[in-house]
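Thanks for making the time, everyone. I would like to walk you through a structure that is new to most of us, beginning with how its strands are arranged and then turning to what lies against them.

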Amino acid sequence: MDKYIRRARRAHKARARIKQLGEIRLCVFRSNNHIYAQIIDASGSTVLSQASTLEAEVRKSLGSCSNVQAASLVGKRIAEKAKALGIERVAFDRSGFQYHGRVKALAEAARENGLNF
């Protein structure tokens with residue numbers, strides 16, 4: 001099994017547990033250059049809000065900073081968007097990625113700005 005299949009299996013298990021709970025989820029995806037966060041409803045069919053390092057406002061405020069700082073900025077932004085929608089509690093879906101580095105920075109920034117998970 002290669003690392004992509006292992007990550008997909010971990011993601012599938014976590015999503016199955018989150019679906020069983022029936023909660024809104026904060027889904028994170030990271031590529032080599034960018035990080036993306038989406039708030040998805042309990043049924044899993046509708047994206048309620050999203051934030052990423054590709055947004056114009058985020059890119060302006062980034063300047064020349066590290067990936068971890070960019071991830072924390074995306075976490076802050078997604079928490080603000082969730083508050084605007086009236087969402088305070090979510091389930092954190094790390095998509096099979098390790099809770100380390102950019103994923104951890106995004107999660108901590110979202111928690112600091114009012115999301116509970």
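**The sheet and its helices**

What you see here is a predicted model, and in this model four strands form an open sheet with mixed pairing, in the order β3-β2-β1-β4. At the edges stand β3, residues 47-52, and β4, residues 91-93, and because each has a single partner strand, one side of each is left without a neighbour in the sheet. If we ignore direction, neighbouring strands of this sheet are turned by 20° against each other on average.

Let me go through the pairs. Strand β1, residues 25-30, and strand β2, residues 35-40, are antiparallel and share six bridges, and here Arg-25 of β1 stands opposite Ile-40 in β2. β2 also runs antiparallel to β3, to which five bridges join it, and Gln-38 has Gln-50 in β3 as its bridge partner. These two strands, β2 and β3, form a hairpin with six residues between them, and in the turn Gly-44 has a positive phi of about 85°.

Now to the helices. Helix α4, residues 102-112, lies across β1, β2 and β4, and runs at about 150° to β1.

Finally, the record: in an unreviewed entry, UniProt lists residues 27-117 as "domain: Longin". Over residues 27-117 of the model, the chain is 41% helix and 21% strand, while the end C-alpha atoms are 12 Å apart.

Methods: Residues numbered from 1 in each chain as written. Predicted model: local features only at pLDDT ≥ 70, side-chain atom pairs only at ≥ 80, totals over all residues. Heavy atoms only, no water. Pairing = 2+ DSSP bridges. Axes fitted to C-alpha atoms, helices over the stretch in contact; angles between N-to-C directions. Contact = heavy atoms within 4.5 Å. UniProt positions renumbered as here; feature names shortened; annotations may be inferred.
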